[in-house]
Amino acid sequence: MLKLKIATAALALAGMMLLILGDTYMSATLAVICTAVALPMGGYLVWRYLIPDDHSLVPFVLWVPVAELPALYAFKDLGVMDTPLGATIEPEKMTTLGGFIAFTSAIAILLAITVPTSPTRDDDED
């Protein structure tokens, strides 16, 4: 579970860093993808903490539309499908995208950080 927490926080931070340091459509697209992947992972961490005996992938599958629908809207708003990915992005589009990336990444990081790690085995022997 610790590896999943580290991966979630790393993907969310990578998304924010790609947005801050990048100036092309490719970096903006990768930032949206990183945050769209980090949010379902954070939701899965919370599910595993709240219900520790359930090890199914159902909550992960349920969290995917929560993250992917805003990501698809961001892709449509950004206009990624119509422009080459190496082109420089306009600052107006970057500011509107920045709010989405910052909010989604902050949620994913907070979910990953606030969930405590559970013990892997029970050492209480009677």
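Q: How far apart are the closest N and O atoms of the salt bridge that glutamate 90 forms with lysine 93?
A: This is a predicted model, and in it glutamate 90 pairs up with lysine 93 in a salt bridge. To count, a side-chain nitrogen of Lys or Arg has to sit within 4 Å of a carboxyl oxygen of Asp or Glu. Here the closest N and O atoms make that cut-off, at 3.7 Å.

Q: How many salt bridges does the count come to?
A: We've just met the pair of glutamate 90 and lysine 93. With the 4 Å cut-off for nitrogen and oxygen, the count comes to one.

Q: Is lysine 93 buried, partly exposed or exposed?
A: Buried means under 20% relative accessible area and exposed means over 50%. Its partner glutamate 90 has 33%, so glutamate 90 is partly exposed. Lysine 93 has 26%, so lysine 93 also falls in between: partly exposed.

Q: Which elements make up the protein chain, going from the N terminus on?
A: Let's go through the chain. It has zero strands, but there are four helices. Read from the N terminus on, that gives α-α-α-α.

Q: What size of box do the C-alpha atoms of the protein chain fill?
A: The chain has 126 residues, and buried ones make up 36% of them. Taken along the principal axes, the box filled by their C-alpha atoms is roughly 65 × 25 × 20 Å.

Q: What share of the contacts with a separation of 6 or more is between residues 24 or more positions apart?
A: A contact here means heavy atoms within 4.5 Å. Among contacts with a separation of 6 or more, residues 24 or more positions apart account for 77%.

Q: Why is threonine 8 called buried, and which residues does it touch?
A: Threonine 8 belongs to helix α1, residues 2-21. It has a relative accessible area of 0%, and the cut-off for buried is under 20%, so threonine 8 is buried. Leaving out residues up to four places away in sequence, threonine 8 touches Ala38, Met41, Gly42, Leu45, Ala108 and Ala112.

Q: Which residues make the nonpolar surface patch of about 360 Å²?
A: Start with leucine 30, which is found in helix α2, residues 25-50. Patch members need over 30% relative accessible area, and leucine 30 is partly exposed at 34%, so it clears that bar. The patch is made by Met26, Leu30, Ile33, Val37 and Leu85.

Q: How far apart are the mean positions of the positive and negative charges of the protein chain?
A: The chain carries 6 positive and 13 negative charges. Take the mean position of each set, and the two are apart by 3 Å.

Conventions
Residues are numbered from 1 along each chain as its sequence is written. This is a predicted model: local features need pLDDT of at least 70, side-chain atom pairs count only at pLDDT 80 or more; totals for chains, interfaces and linings use all residues. Side-chain values use heavy atoms; hydrogens and water are left out. Patches are made of residues with over 30% relative accessible area and no salt bridge: like charges are joined within 9 Å, nonpolar side chains (Val, Leu, Ile, Met, Phe, Trp, Tyr) within 5 Å. Accessible areas come from the Shrake-Rupley method with a 1.4 Å probe; for residues, only the protein chains shown count as cover. Helices (H or I, at least four residues) and strands (E, at least two) are DSSP runs, numbered from the N terminus. Buried means under 20% relative accessible area, exposed over 50%, partly exposed in between (1.4 Å probe, protein chains only). Lys and Arg count as positive and Asp and Glu as negative; His and the chain ends are not counted. The place of a charge is taken as NZ of Lys, CZ of Arg, CG of Asp or CD of Glu.
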